[in-house]
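Reader: I'd like a close look at one part only, the pairing of charged side chains. Walk me through it pair by pair, and spell out the cut-offs as you go.

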Amino acid sequence: GSMRPLLDAGANGIRIVPKSEDSIKLGDIVSFREGDKLIVHRVVEKGVDENGVYFITRGDNNNISDSKIRFKDIEFITVGVIW
């Protein structure tokens with residue numbers, strides 16, 4: 001329920017595989033692995049540190065952001081939703 005009301009049990013995301021770090025923008029909804037779970041959250045920050053480009057994500061209904069993730073961690077960008 002972290003992405004409600006946009007994404008819930010009845011929603012199906014239309015996803016694409018990102019081609020580069022530049023193809024991921026603030027506000028995009030991305031999918032990444034956390035252990036054996038596929039997490040779908042919105043990009044709320046994009047920056048550069050000593051290890052390169054990073055992304056900070058957060059579920060729309062969450063108060064706390066996720067840890068930094070890298071381009072290699074991101075599997076998909078959600079470009080549409082069908083209910």
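**Salt bridges, pair by pair**

Author: Let's start with D60, which forms a salt bridge (a Lys or Arg side-chain nitrogen within 4 Å of an Asp or Glu carboxyl oxygen) with R42, and the closest N and O atoms are 2.8 Å apart. Keep in mind that this is a predicted model, with local features needing pLDDT of at least 70 and side-chain atom pairs pLDDT 80 or more, while totals for chains, interfaces and linings use all residues. Numbering runs from 1 along each chain as its sequence is written, and side-chain values use heavy atoms, leaving out hydrogens and water.

Back to that pair: D60 and R42 link distant parts of the chain, 18 residues apart. You'll find D60 in the loop between β4 (52-58) and β5, whereas R42 belongs to strand β3 (residues 37-49); strands here are DSSP runs of E, at least two residues, and helices runs of H or I, at least four, numbered from the N terminus. As for solvent, D60 has 36% relative accessibility, so it counts as partly exposed (buried is under 20%, exposed over 50%, partly exposed in between, 1.4 Å probe, protein chains only). R42 is partly exposed as well, at 23% relative accessibility.

Now go to the far end of strand β3's numbering, and look for D49. Its side chain meets that of R70 in a salt bridge, 2.9 Å from N to O. R70 lies in the loop between β4 and β5 and D49 in strand β3, so this pair ties together parts that sit 21 residues apart in sequence. There's also a network here: K68 joins D49 and R70 through salt bridges that share partners. On the accessibility side, R70 counts as buried at 17%, and D49 is buried too, with a relative accessible area of 16%.

One more pair deserves a stop, R33 with E75. Their side chains meet in a salt bridge at 2.9 Å, N to O. This is another link between distant parts of the chain, with the partners 42 residues apart: R33 is in strand β2 (residues 29-34), and E75 is in strand β5 (residues 74-82). R33 has a relative accessibility of 43%, so it falls in the partly exposed class. E75, at 26%, is partly exposed too.

And the overall tally? By this rule, the count of salt bridges in the model comes to five.
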